[in-house]
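Visitor: Please take one part of this protein and describe it closely, with the criteria behind each term.

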Amino acid sequence: MAHLLGAEALHLEFPTKVVFDSVTLGINEGDRIGIVGRNGDGKSSLLAMLAGVLEPDSGRVTVRGGVRIGVLTQQDELDDDDTVSNAVVGERPEYEWAGDARIRDVIAGLLRGIEWNARIGDLSGGQRRRVALAHLLSGDHDVMFLDEPTNHLDVEAIAWLAEHLKRRWPANSGGLLIVTHDRWFLDEVANYTWEVHDRIVEPFEGGYAAYILQRVERDRQAATVEAKRQNLARKELAWLRRGAPARTSKPKFRIDAANELIADVPEIRNKTELASLSVSRLGKDVVDLIDAGVSFGDKTVLRDIEWRLAPGERTGILGVNGAGKSTLLGLISGTTKPTAGSVKRGKTVQVRTLTQRMDELDPHLNDPVRVVISGLRMTYTFGTGSKATELSPGQLLERMGFSSAQLSTPVKDLSGGQKRRLQLLLILLDQPNVLILDEPTNDLDTDMLAALEDLLDSWPGTLIVVSHDRYFLERVTDQQYAILGQRLRHLPNGVDEYLKLRAAEDRAGSAVPGSGTSSSASASVTTPATPALSGKEAREAEKEMASLERRFQKLRTQAQTARAGLADMDQGDYVALGNKMTEISNIEAEADELEMAWLELAEKLG
C-alpha cells in the first residue's frame, strides 16, 4: 500500500505537561484509523499536528506530494453571514454540484430539516456542525481528519456517516483519521485503532472490539500496573461477545481467544437480583402512562401513549430531534402534564433526571471556593446483595475518574467532562429509584463511558435513557422504544429496526435538504411502493395483522402483570424469583416474535 503521510519523533510539550515524546507513525492508503484515549491525553493535539494545524516542538510530519488533506476541527469556523448553500458547495453552478451523486448523498444525509438558503447565523449549534461536516465531505480529499464528527448527530445521521465513509475510503484508497468517543461508530468505520496514552500512541489492528481484546491481553500481562482498567475492559469484552448480536456476527477478532479471556467474567448484570431489589424499593407501581397525549396549542406532540414502566426496567428511547423525546421524559418525571389521558405514579417513586444542563452543580459553581469533595457524607453503599460495598467520597470520585489531586479542585475549574461526571454522581447519591439519563455521554471519553456503564450495572432501579450514542444505549438498556408518528413503538430488533422504519418513512415522503424549501436542492418526493398484496390476499393479511396485534398486546399485558407480581414474592427466594423472571422473559420473547410477524405483514401491504 502506498504511503500517504508520516510523522517522525514528534515531541509536544505544554507549560505544565509533556503531551507526546518521540512519537513516530504513518498513514497508508486504505487506512481508516480511529483515535481513542482519555480526555486530556492529546488526541486532538495529535490530529492537529498530523494535519499541519499545530506545529510540534520537535520532529516532523511529511506528506506525499499531491495529497489533498481535509480537516474537521471542534471549532466553529463558519461565517454567520454566509448561507447554507454557499457554505456547502461554494460558487459552483447548480448543474455541476447537483449532478454529483456524492454531493447529493451528503446533502440528503446531513442537511435534512435545514433550509438550503438559510443564514448560517440563524442556525443552532448542531445545525452549524452539520453544515461544516457537509462542506468538508463535499470536497475532494485524499486524507481526511475528523475531530468528533458525530457530535450533534442523531442515530440516523451517524449510521449514514459510517456508511458514507466506508464507501468513500475503501481498501487501497485514501486515508481517514477520526477522533471519536462513539464506540459503535469507531467499530463500524475503523480498520485500525490508535490509543493515545502516557505520551505515546499505541496502534491496534481492527476497530473498537478488536482493540478491546488486544488491550485486555496487554493489561493482563501488566495486571499490577493497570488492574482497574483491565477489569473494566474485560467486562466490556464480555458484553461485546455475549450481549451484542450485531457485533458477534462479525469476525473482527479471534473468537476463541475472546471466549478464553471472559470465561470467568459473570454476566454484566444480575437481572434477578436487581429486579428483586428494584421491586422492594419501588413496589408494584412505577409510572403508568395511559392513553397519554401532549399538545401545545394546535400542535400535537404525543398521542395515545400506553406504557407501564416496570420495576427494574431498562429502556432506551429513540427518535429524531423534535419527535417528542423530552416531552415523554417530562411525562415520566412529572415536569410535563398530559393534555389527554393520564399519568399514574407509585407512591414510593423518586425520579431524578440527568439533564443536558448542569442544575445540580449550580450551588458549587456559584461558590468560588467550593471544591469537588464538598458536602458529601462519610460513606455510601454501592452495589447490591453480597456485592454491596461501602465507599468513601474519595473512592466514589476515583471510580468516576477523579484523581486524588482533583478532589480539592474548585468545581468551577473542572472540564466539561469532569462536571458531567460529578453531576451524575450527585444524582446517584440522592438514591432515586427511577433514573432518567438525557444524553449522558456528552464530553466523556471511552474509558469514562466504560466506568459509567459499570456503575449503572449495579444500580437497582428503573432506567430510561435517551442517547445518540448507540453503543451506550445498547450496552445499558435491555429494550428500546421509538417515537414515530407521535406514538411510542416498541422495537424488538432495537436500533437496526428503528433505522429501517425511519428509512421507510423517508421513502414514503419527505423532501431534503430543507423542510418546505423551494430550492431545486430538494429531492422529489418518493412515491410509496406498490402494495405487494391485493384483493383477497390483502384482506387475509389485514385479518391476520389484527389477530397478531391482539395476541401480542395480550402477552405484553401478561408480562407487565407478572412483573408487578414480583412485589408479592419472597424477595429472599432467588430460585423462585429467577424462575419467575425466566417466565416473564419467555412471554416477552413470544410477544416480540408476534410483533415481528406483524411488521412483516405490514411491509407486504405497503
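Guide: Of the 606 residues of the protein, 52% count as buried, that is, under 20% relative accessible area with a 1.4 Å probe and protein chains only, where over 50% is exposed and anything in between is partly exposed. This is a predicted model, in which local features need pLDDT of at least 70 and side-chain atom pairs count only at pLDDT 80 or more, while totals for chains, interfaces and linings use all residues. Residues are numbered from 1 along each chain as its sequence is written, and side-chain values use heavy atoms, with hydrogens and water left out.

The part chosen here is a sheet. It is open, has six strands in the order β14-β17-β18-β12-β19-β20, and shows mixed pairing; strands (E, at least two residues) and helices (H or I, at least four) are DSSP runs numbered from the N terminus, and two strands pair if DSSP finds at least two bridges between them. At its edges are β14 (351-354) and β20 (487-491), each of which pairs on one side only, and the twist averages 20 degrees from one strand to the next. Within the sheet, β12 (residues 314-318) and β18 (residues 462-466) pair in the parallel sense over four bridges, with Thr315 opposite Ile464 in β18.

Two helices accompany these strands. Helix α19 (residues 494-507) packs on the sheet and touches β12, β19 (479-484) and β20, contact meaning heavy atoms within 4.5 Å; its direction makes about 15 degrees with that of β19, where axes are lines fitted to C-alpha atoms, for helices over the stretch in contact, and angles run from 0 to 180 degrees between N-to-C directions. Helix α16 (residues 416-429) lies across β14 and β17 (434-438), running at about 180 degrees to β14.
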